[in-house]
Amino acid sequence: MESKRVYLDNNATTMLDPNAKELMDSYFCQKYGNPNSLHSFGTETHTAIREAFNYLYEGINAKDEDDIIITSCATESNNWVLKGIYFDILRFGEKNHIITTQVEHPAILSTCRFLENLGVEVTYLPVGENGTLDPSKLEAAITDKTALVSIMWANNETGIIFPIEEIGIICKRKNVLFHTDAVQAIGKIPVDVQKTQVDFLSFSGHKFHAPKGIGGLYIRKSIKLTPLFHGGEHMSGRRSGTLNVPYIIALGEAMRQATLHLDFERNNVRCLRNRLEDALLEIPDVFVIGERSLRVPNTILVSIRGVEGEAMLWDLNKYGIACSTGSACASEDLEANPVMSAIGADKELAHTAIRISLSRFTTKEEIDYAIEIFKKSIERLRSISSSY
Ligand SMILES: *Cc1c(COP(=O)(O)O)cnc(C)c1O
């Protein structure tokens, strides 16, 4: 008998959408032309790539004259923006300041630390106890030395949505470039680059049911950004390298499906998430970080007093339930969840954080099974806990 497995770690990565899989399959052994070639093998992939790009543009409401550049992942997109701005502006010293938050993904935080070693000044804005960001703190931090603000659209741990529209207005008014890491927003909530006045936006395929190893960077019309890769004239010279045709086809389809399912996400996924969250909150000494209405519909960051996160994770895993103690990118060490620490949770509580993240493929049966296992597991671990 195959044992039951329930995947609740969709903020770490997602299943490939079967429609995207089916579409991409024929681009390996049949339609494998280089889209830059002039023969029929090239033109057939070229046409398909154009269509995929249309879905990407529609998905974030970009204008034709804006650029969406395909990258290998959001880590690359984030690195590119920060290092590109270093080459274009920061290294000359007249403007030498970046503003970001304490709760960004390591792809932003580590890159900022790297740039600090090169003499760049970085302000890391704190978030409040409920995980939210106060835009007036940003406004106060901007000086005439500030070149770039980089603030994520939604946090990967708490699911908290940041006030991107307000931040965009502040940045425009202060004449500062604005980048957002929108990895955890795409497919969960509407993302509109026109409404929000962002200049750069990073996204990652595998967080919205496209394959791993592909992502993108939106760049507002004709903003200069020194490329990371120099070479041929691919992507209008902004990122050289032969296009990954099957993955771009899948990325386009995944974006199309994500856009089509936004209502489903807002209603059905949210409803299942709330069902699980309500059940957890019935248990004494269980806390959920951040107000529901301020979170993307799929995420719960829960703290269970007396239960060490890592122990909980392994106990759940025994019963086939997959969640996380926090960012998959930082979970190898046993440090307290950095986002929990940033929002001011005490050390004990920060060690008890469990992140649960659903997708549109999560079923009610899976959630009901998860509720049962969570209850048993918390009871068992508390019964052997020395601190509870
Ligand atoms: C997963 C994630 C990334 C990294 O995306 P990759 O495509 O895996 O490099 C960046 N930012 C956030 C917020 C993420 O959740």
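**Note on a predicted model: a buried aspartate, a ligand and the empty spaces**

1. Aspartate 199 counts as buried, because its relative accessibility is 3% and the cut-off for buried is under 20%. The model is predicted, and this value, like the others here, is computed from it. Aspartate 199 sits in a loop, with α7 (193-196) on one side and β7 (200-204) on the other. Its side chain has a partner: the side chain of lysine 172, in a polar contact at 3.4 Å.

2. Now the ligand. Twelve names make up its surroundings: Cys73, Ala74, Thr75, His105, Met152, Asn156, Asp181, Val183, Gln184, Ser204, His206 and Lys207. By class, this shell has six polar, four nonpolar and two charged residues.

3. Which side chains place a polar atom by the ligand? Threonine 75 is one: an N or O atom of its side chain is 2.5 Å from a ligand oxygen. Serine 204 is another, with a side-chain N or O atom 2.7 Å from an oxygen atom of the ligand. Aspartate 181 pairs with a nitrogen atom of the ligand instead; a polar atom of its side chain lies 2.6 Å away.

4. How much of the ligand does the protein cover? On its own, the ligand has 380 Å² of accessible area, and the protein covers 91% of this.

5. Next, empty space. Rolling a probe the size of a water molecule over the atoms shows where such space is left. The structure has one cavity of 30 Å³ or more. The largest cavity holds about 100 Å³. Its lining counts 14 residues, and those nearest the centre are Gly187, Lys188, Lys207, His209 and Glu265. Four residues of that lining are charged, four are nonpolar and six are polar. Lys207 deserves a second look: it lines the largest cavity and also belongs to the residues around the ligand.

6. The largest pocket is a separate item to inspect. It contains about 470 Å³ of space. Its lining has 17 residues; His46, Ile49, Arg50, Phe53 and Tyr57 are the closest to the centre. Two elements, α2 (40-60) and β2 (67-71), each give two or more residues to this lining.

7. Which element gives the largest share of that pocket lining? The answer is α2, with six residues. By class, the pocket lining splits into eight nonpolar, five polar and four charged residues.

Methods:
Residues are numbered from 1 along each chain as its sequence is written. This is a predicted model: local features need pLDDT of at least 70, side-chain atom pairs count only at pLDDT 80 or more; totals for chains, interfaces and linings use all residues. Side-chain values use heavy atoms; hydrogens and water are left out. A residue is near a molecule or strand if one of its heavy atoms lies within 4 Å of it. A polar contact is a pair of N or O atoms within 3.5 Å; within protein, one must be able to donate a hydrogen and the other to accept it, and residues adjacent in sequence count only if both atoms are side-chain atoms. Accessible areas come from the Shrake-Rupley method with a 1.4 Å probe; for residues, only the protein chains shown count as cover. Ala, Val, Leu, Ile, Met, Phe, Trp, Tyr, Cys and Pro count as nonpolar, Asp, Glu, Lys and Arg as charged, and the others, Gly among them, as polar. On a 1 Å grid over the protein atoms alone, a cavity is a set of points where a 1.4 Å probe fits but cannot get out, and a pocket is an open set with protein on both sides within 12 Å along at least five of seven lines; lining residues have an atom within 4 Å of a point. Grid points are joined across faces, edges and corners, and a volume is the space filled by probe spheres set on the points. Helices (H or I, at least four residues) and strands (E, at least two) are DSSP runs, numbered from the N terminus. Buried means under 20% relative accessible area, exposed over 50%, partly exposed in between (1.4 Å probe, protein chains only).
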